[in-house]
Amino acid sequence: MSTEQPIRFDTKIAVLLREDLEPWQRLNVTAFLVSGLGTDVPEVIGEPYEDADGVPYLPMFRQPVLVFEGTKELLRTAHARALSRSLTRAVFTSDLFTTGNDRDNRAAVGAVGTGDLDLVGLAVYGPKNAVDKTTKGARMHP
């Protein structure tokens with residue numbers, strides 16, 4: 001057993017989901033939202049894994065991803081907060097449930113103004129305090 005102190009992070013990764021999503025939608029939206037974070041912020045990715053037999057595995061986030069839920073209005077507020085704090089962010093809108101590929105997903109988001117996005121999910125990354133203020137009012141996903 002290691003005697004090293006636990007690693008603490010001054011940043012946070014949070015996903016905020018609209019509370020009325022079906023279970024499969026929650027999982028799908030969460031996976032999509034966090035999928036780009038490592039490409040934009042490579043320092044959130046840890047080292048590759050390897051089991052005791054030497055089989056390699058892909059690296060994962062170096063820190064936990066906290067998943068919250070809230071109302072449609074709270075998502076809209078959190079989105080505005082994330083923008084005002086210039087946090088790294090990803091959005092998932094209700095339109096994306098009807099598209100079947102990346103090109104159509106981007107077109108669906110691109111066709112709607114910022115204030116009119118029908119958000120069902122939002123991922124944010126940044127300083128802990130700023131992420132906490134952005135997700136204020138949300139509750140941890142059960």
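In this predicted model, β5 gives the largest share of the lining of the largest pocket, namely 5 residues. Let's look around that pocket and then follow the strands outward.

The largest pocket has a volume of about 350 Å³. Its lining is made up of 19 residues, and Phe32, Leu33, Ser35, Ala90 and Val91 are the ones that lie nearest the centre. Which elements give two or more residues to this lining? They are α1 (23-35), α2 (37-40), β5 (88-93), α4 (102-110) and β6 (119-127). Here is how the lining residues divide up:

| Kind of lining residue | Number |
|---|---|
| nonpolar | 11 residues |
| polar | 4 residues |
| charged | 4 residues |

Now for the sheet. It's an open one with 5 strands, in the order β5-β6-β1-β4-β7, and the pairing is mixed. Why do β5 and β7 (139-140) each have one side without a neighbour in the sheet? Both stand at the edges with a single partner strand, so there is nothing next to them on that side. In general, strands of a sheet pair through backbone hydrogen bonds, either parallel or antiparallel. β1 and β6 run antiparallel and are joined by 7 bridges. Look for isoleucine 13, which stands opposite tyrosine 125 in β6.

α1 comes in here too: this helix lies across β1, β4 (65-70), β5 and β6, and runs at about 145° to β1.

Last stop: glutamine 5, in the segment before β1 (11-18). Is glutamine 5 buried or exposed? Its relative accessibility is 69%, so glutamine 5 counts as exposed, the cut-off being over 50%. Its C-alpha atom is separated by 24 Å from that of alanine 52, and the two residues are 47 residues apart along the chain.

Note on methods. Residues numbered from 1 in each chain as written. Predicted model: local features only at pLDDT ≥ 70, side-chain atom pairs only at ≥ 80, totals over all residues. Heavy atoms only, no water. 1 Å grid on protein atoms, 1.4 Å probe; cavity = no way out; pocket = protein on both sides within 12 Å on 5 of 7 lines; lining within 4 Å. Points joined across faces, edges and corners; volume = space filled by probe spheres on them. Helix = DSSP H or I, 4+ residues; strand = E, 2+ residues; numbered from the N terminus. Nonpolar A, V, L, I, M, F, W, Y, C, P; charged D, E, K, R; others polar. Buried < 20%, exposed > 50% of the residue type's maximum accessible area, 1.4 Å probe, protein only. Pairing = 2+ DSSP bridges. Contact = heavy atoms within 4.5 Å. Axes fitted to C-alpha atoms, helices over the stretch in contact; angles between N-to-C directions.
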